[in-house]
Amino acid sequence: MTERFSIGDHVTWNSEAGHVSGHIIRVHTSDFEYKGHPRRASKEEPQYEIKSDKTEHVAAHKGSALRKLPEAT
């Protein structure tokens with residue numbers, strides 16, 4: 001089962017440019033449109049919008065593409 005994430009979680013994922021990290025800003029549990037393209041999401045397999053720490057670019061990913069990072073203290 002894919003790990004579940006919440007708004008505010010700090011996560012990392014692989015992109016064309018290498019590893020990227022950011023914070024989850026939205027959780028989708030039903031189908032939605034993202035940058036003009038339909039995306040599939042459900043309560044069983046949500047998708048997450050994540051704002052990059054470095055560029056503030058927003059990306060959407062399935063939970064299987066994400067890994068939670070420890071919060072800095």
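How many bridges join strand 2 to strand 5, and in which direction do the two strands run? In this predicted model, 6 bridges join strand 2 (residues 18–28) to strand 5 (residues 47–52), and the two run antiparallel. Both strands belong to an open sheet of 5 strands, and both give two or more residues to the largest nonpolar core.

**Sheet**
- The strand order in the open sheet is 6-5-2-1-7, with antiparallel pairing.
- Strand 6 (58–62) and strand 7 (67–68) each have a single partner strand and stand at the edges, so one side of each has no neighbour in the sheet.
- Arg 26 has Glu 49, in strand 5, as its bridge partner.

**Nonpolar core**
- The largest nonpolar core has 9 residues: Phe 5, Val 11, Trp 13, Val 20, Ile 24, Tyr 48, Ile 50, Ala 59 and Leu 66.
- Strand 1 (10–15), strand 2 and strand 5 are the elements that each supply two or more of these residues.
- Tyr 48, a member of this core, is in contact with residues beyond four places in sequence, including Phe 5, Ile 24, Ala 59 and Leu 66.
- The contacts of Tyr 48 also include Glu 3, Arg 4, Arg 26, His 61 and Lys 62.

**Largest pocket**
- The largest pocket holds about 160 Å³ of space.
- Strand 1, strand 2 and strand 6 are the elements that give two or more residues to its lining.
- The lining consists of Trp 13, Asn 14, Ser 15, Glu 16, Ala 17, Gly 18, His 19, Val 20, His 57, Ala 59 and His 61.
- By type, the lining residues are 4 nonpolar, 6 polar and 1 charged.
- Trp 13, Val 20 and Ala 59 line the pocket and also belong to the largest nonpolar core.

Definitions and conventions: Residues are numbered from 1 along each chain as its sequence is written. This is a predicted model: local features need pLDDT of at least 70, side-chain atom pairs count only at pLDDT 80 or more; totals for chains, interfaces and linings use all residues. Side-chain values use heavy atoms; hydrogens and water are left out. Two strands pair if DSSP finds at least two bridges between them. Helices (H or I, at least four residues) and strands (E, at least two) are DSSP runs, numbered from the N terminus. A nonpolar core is a set of buried Ala, Val, Leu, Ile, Met, Phe, Trp, Tyr and Cys residues joined through side-chain atoms within 4.5 Å. Buried means under 20% relative accessible area, exposed over 50%, partly exposed in between (1.4 Å probe, protein chains only). Contact means heavy atoms within 4.5 Å. On a 1 Å grid over the protein atoms alone, a cavity is a set of points where a 1.4 Å probe fits but cannot get out, and a pocket is an open set with protein on both sides within 12 Å along at least five of seven lines; lining residues have an atom within 4 Å of a point. Grid points are joined across faces, edges and corners, and a volume is the space filled by probe spheres set on the points. Ala, Val, Leu, Ile, Met, Phe, Trp, Tyr, Cys and Pro count as nonpolar, Asp, Glu, Lys and Arg as charged, and the others, Gly among them, as polar.
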